[in-house]
Amino acid sequence: MTPLVEMRDMQLAFGGLKAVDHVTVDLYPGEVVGVLGHNGAGKSCLMKMLSGAYQADGGEIYVNGERAVIQNPRDARRYNIETIYQTLALADNLDAAANLFLGRELVTRLGFVDDDSMEAETRRIMARLNPNFTDFTKPVAAMSGGQRQSVAIARAVYFNAKILIMDEPTAALGPFETRMVMDLIEELRRQNLGIFLIDHDIHQVKQMCDRAHVMKNGQLVGTVDVSQVTEDDLLGMIIMGKKPDRGVLEYGSGPVNRTPA
Amino acid sequence: MVDAIHPPDATNPARPQPGPAPAAPPVKTGFSALEIDTRFLGMVGAFALICLAFQLWTGLRISSSANPFEWLARGTFLTPRNIFNLTVQTVSVAIMATGMVFVIVMRHIDLSVGSLLGTCSAVMAMMQTVVLPDWAGLGLGHGLIAPIAIITGLVAGTLIGAFHGWLVGYMMVPAFIVTLGGLLVWRNVAWHLSGGQTIGPLDANFQLFGGTNGTIGEFWSWVVGVLAVAATWGAMAVARQRRIRYGFPLKPLWAEMTQGAIFAGAILGFVAIVNSYQIPTLRLRRMFEARGEVMPEGYTAAFGLPISVLVLAAVAIGMMVIAGRTRLGRYIYATGGNPEAAALSGINTRLLTVKVFAIMGFLCALSAVVASARLTFHSNDIGTLDELRVIAAAVIGGTALSGGLGTIYGAILGALVMQSLQSGMAMVGVESPYQNIVVGVVLVLAVLVDILYRRRHGERI
C-alpha cells in the first residue's frame with residue numbers, strides 16, 4: 001500500500017539549533033496519526049515543512065508515492081494538504097467568509113471578489129459543521145473560541161483536503177466543542193483522509209489515533225501502534241525518549257488495523 | 001454529525017450555484033436597519049459642527065447684530081465660493097490620504113509622501129518647460145506636452161514608491177526608516193532637478209487640473225451629477241438583487257430608499273453649490289479676450305465642478321473598488337489584520353508591500369499634478385509637511401495604526417475636516433502658530449475619542 005504522505009529524512013535548522021534532525025514519518029489514507037512530543041521537540045516544525053510554512057533544509061516529501069516539492073503554503077495546497085494551526089491563523093478583522101476563502105477567493109466573471117457567493121458557501125458549510133454559527137457579517141475578532149475554531153476547520157475541509165494537519169485542534173475549546181471536533185475527525189477518517197494530529201492530550205491521542213510518531217529533541221523516538229501501548233508507554237517516549245517493549249513499528253510496515261474503541 | 005463535508009463543486013474554483021442559504025436571521029428594523037457605520041456618522045457630525053461654528057464665527061465678525069441667525073446668514077464659511085475653494089484645497093491631501101490608508105492598514109507608514117510629491121512635481125515641471133519644448137523640440141504650448149509630462153510624473157512616482165516597497169518588503173528595512181530617508185532624499189532630488197528655482201508658468205492644459213483654472217461648467221456638472229446618482233442607485237439595486245437571489249437577509253426597502261436619497265442629495269447638492277459660484281466678471285472678460293472675442297453685456301457663467309475634484313472622485317471610487325472588490329484589497333486588509341495568517345494562506349506579502357507602496361507613489365504623483373497645477377508653477381517647497389497632513393487625515397478618518405482597519409471614504413472626510421479647520425481659522429484671523437496647535441490637538445483628540453468609542457463597544461484594540 002502506497003502511503004499518502006512520506007516525509008523522508010527531514011531536516012530543519014535555525015542557526016546551530018537542529019529543530020528537526022533526520023526524521024522520517026508516513027501517513028496512510030483513512031488513518032489518524034498522532035505527532036507527539038514536548039514543547040520544542042520539533043513536531044510543529046516537522047508539520048510546518050509539510051504545510052509549506054517552513055522550507056526544509058534537507059529531506060524529501062512524497063505524496064502518493066510521487067516526489068512533492070513544497071516551498072510555500074500555496075504549493076502545499078496544490079497537493080491538497082490543509083492545515084489547522086494552533087493559533088488558527090485567522091485575519092481577525094475580516095468576517096468568516098473572507099477568512100474561509102482567504103487566498104482562494106471566488107471571483108465574478110470580471111475578476112472581482114464575489115462576497116455574496118462566498119457568504120452563501122460559508123452559510124452552507126457552517127450549517128453542517130456548526131449549526132450554532134450565525135455571525136456571518138461580524139469580524140472573527142468578535143467571535144467565541146469555538147466559533148473561530150469552526151471557521152478555521154471549515155477553511156481546511158471545504159477545499160477537498162486529502163491530507164489534514166491539525167495542531168492541537170481542541171486546546172482552546174470547551175467539552176461540547178471538543179466533542180464536535182472529535183466527531184468531525186472520525187467523519188473525515190471515514191472519508192479516507194489522512195490526518196496528522198499534533199496533540200498534548202495523551203488520553204485524546206489514545207482515543208483518536210491509530211499510530212503515533214513520537215519526537216524528542218528534534219529526533220524521532222519511534223512510531224507506535226497506539227492500540228498496543230499504554231498511556232504510560234507514550235509518556236515514557238515523550239519525556240524520556242524510551243522505546244516501549246511492545247507496539248513499536250518498523251518504518252514502512254504500513255497502517256495498523258484499527259480496533260474500534 | 002455530518003455526512004458530506006465537501007460540497008460537490010468544491011474542487012471547482014468556478015462560481016457555486018446560487019441557492020437559498022440556510023438559517024437567515026430576521027430582517028432588521030428601526031435605525032439599525034440603515035446599517036450606517038456609526039463611527040463615520042460621528043465624523044460627519046463633527047465635520048458639520050466645525051462648519052456651523054465657522055459659519056457663525058465668520059458671521060459674527062462682520063455683523064453688529066446680537067442675533068445668531070443673522071450671523072448664520074451672513075457668515076462666509078458656507079458660501080459657494082468658500083465651499084468650492086475648500087474642496088479644491090483638499091484634493092491634493094485627500095488623494096494621497098486614500099493611498100496612506102492602504103499603507104497604514106498594512107502596518108507600515110510613509111513619511112516621504114510630501115517629498116515624493118515635490119520630486120514628481122519637479123519632474124513634470126522640467127518636462128513641460130525644458131525637456132519637451134526645448135530638448136524634444138515640441139515648442140511651448142504643444143498639445144502633447146501636458147499628457148507626456150503627466151505620464152512621466154506618474155511613472156516616476158510609481159517606480160519610486162515601488163522601490164520603497166521593495167526595500168520594506170524584500171529587504172526588511174522598516175518602512176519608517178525607508179520613508180524617513182525618502183523624506184530627505186526626494187525633497188532634495190526635487191531641488192536638484194529644478195536647480196532650486198521656481199519653475200513656471202506651467203503648460204496651459206496642465207493647469208486645467210488646478211481647480212479654478214479647470215472647471216467643466218454648469219451644464220456638464222449637472223450631467224456628471226445625474227450620471228453619478230444613476231450609477232449609485234444602479235449599484236445599490238444590483239447589490240440588493242444579488243442578496244435576494246442568494247436568500248440573504250435584506251435591509252428594509254425604506255432604509256435602502258433613505259440611503260439612496262441621502263447619496264443623491266449629497267451629490268446633487270454639491271453640484272448645485274459649485275454651479276452657483278459665479279465666475280467673476282473680470283475673469284470672464286479675460287477668458288473671452290484670450291479667445292479673441294468680446295464678452296456680451298450681462299453675460300454670466302458658473303464654475304461648475306473642478307476637474308481636480310473629478311480626479312479625486314475617480315481616485316476615491318477606484319480605491320474603494322480595490323479595497324472592497326478585489327483580491328489585492330482583500331489581501332491588504334488580511335495582511336494588516338494578521339500578517340502570519342496571510343502568509344500561511346499563500347499570500348505573497350512581500351510583493352503585496354511593493355504594490356501598496358507603488359500605489360502610494362502613483363497617488364503622490366497624481367497629487368503633484370493637482371498641487372502644482374493649482375499654483376500654476378512648481379515651487380521648491382511644494383508638498384512640504386504634506387506627510388503629516390496625509391497621515392493625520394487617514395488617522396482622523398478612522399485608520400488604525402495597529403493595522404487592518406481603515407476606510408477610503410473616512411480618509412477623504414478626514415482630509416476635509418483638517419482643511420476646514422485650517423482655512424476656517426485663517427478666515428476668522430487665528431494666527432498660524434495657534435492654527436497648528438488646534439490641528440495638533442484635534443488629531444490626538446480624534447484618535448482618543450475613537451479608542452474610547454471602540455473600548456466601549458468591546459472591541460479588542
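How many residues lie between strand 1 and strand 2 of chain A in their hairpin, and which residue in the turn has a positive phi? There are 2 residues between the strands, and Gly15(A) in the turn has a positive phi of about 60°. The model is predicted.

Start with this hairpin. Strand 1 covers residues 5-14 of chain A and strand 2 covers residues 17-27. The two run antiparallel and are joined by 8 bridges. Beside the turn, Phe14(A) stands opposite Leu17(A) in strand 2 of chain A. Elsewhere in the pair, Val5(A) has Leu27(A) of strand 2 as its bridge partner.

The hairpin belongs to an open sheet of 4 strands in chain A, with the order 2-1-4-5 and antiparallel pairing. Strand 2 and strand 5 (66-68) of chain A are the edge strands, and each pairs on one side only. From one strand to the next, the twist averages 30°. Helix 1 (residues 43-51) of chain A lies across strand 1, strand 2 and strand 4 (58-63) of chain A. This helix runs at about 115° to strand 1 of chain A.

Chain A also has an open sheet of 7 strands. The order is 6-7-8-3-9-10-11, and the pairing is mixed. Strand 6 (81-84) and strand 11 (248-249) of chain A each have a single partner strand, so one side of each is left without a neighbour in the sheet. Within the sheet, strand 9 (residues 211-216) and strand 10 (residues 219-225) of chain A run antiparallel, joined by 6 bridges. Here Val214(A) stands opposite Gly222(A) in strand 10 of chain A. Helix 8 (residues 231-240) of chain A packs on this sheet and touches strand 3 (32-36), strand 9 and strand 10 of chain A. The direction of helix 8 of chain A makes about 30° with that of strand 9 of chain A. Helix 5 (residues 145-158) of chain A lies across strand 6 and strand 7 (163-167) of chain A. Its angle to strand 6 of chain A is about 175°.

Now cross to chain B. Which elements give two or more residues to the side of chain B that touches chain A? They are helix 7 (217-246), helix 11 (327-337) and helix 12 (339-344) of chain B. Helix 11 of chain B gives the most, with 5 residues. In total, 36 residues of chain B are in contact with 41 residues of chain A. The chain B side divides into 20 nonpolar, 8 polar and 8 charged residues.

Next, the core. The largest nonpolar core has 184 residues, and Ala97(B), Met100(B) and Ala393(B) touch the most other members. Helix 13 (residues 349-375) of chain B supplies the largest share, 17 residues. Setting aside residues up to four places away in sequence, Ala97(B) touches several residues, among them Val390(B), Ala393(B), Ile412(B) and Ala415(B).

Helix 16 (residues 432-456) of chain B offers a length check. At 1.5 Å a residue, its 25 residues should span 36 Å, and its end C-alpha atoms are 36 Å apart, which agrees. Leu443(B), Ala446(B) and Asp450(B) are buried in this helix. The cover over the buried residues of helix 16 includes helix 1 (38-62) and helix 14 (386-396) of chain B.

Finally, is Phe69(B) buried or exposed? Phe69(B) lies in helix 2 (residues 68-74) of chain B. Phe69(B) has 10 other C-beta atoms within 10 Å, and 12 or fewer counts as exposed, so Phe69(B) is exposed. Phe69(B) and Ile408(B) are 339 residues apart in sequence and 36 Å apart in space, C-alpha to C-alpha.

Note on methods
Residues numbered from 1 in each chain as written. Chains lettered and ligands numbered in written order. Predicted model: local features only at pLDDT ≥ 70, side-chain atom pairs only at ≥ 80, totals over all residues. Pairing = 2+ DSSP bridges. Contact = placed C-beta atoms within 7 Å. Axes fitted to C-alpha atoms, helices over the stretch in contact; angles between N-to-C directions. Core = buried A, V, L, I, M, F, W, Y, C linked by C-beta atoms within 7 Å. Buried ≥ 20, exposed ≤ 12 C-beta atoms within 10 Å, placed from the backbone. Expected span 1.5 Å × (residues − 1). Nonpolar A, V, L, I, M, F, W, Y, C, P; charged D, E, K, R; others polar.
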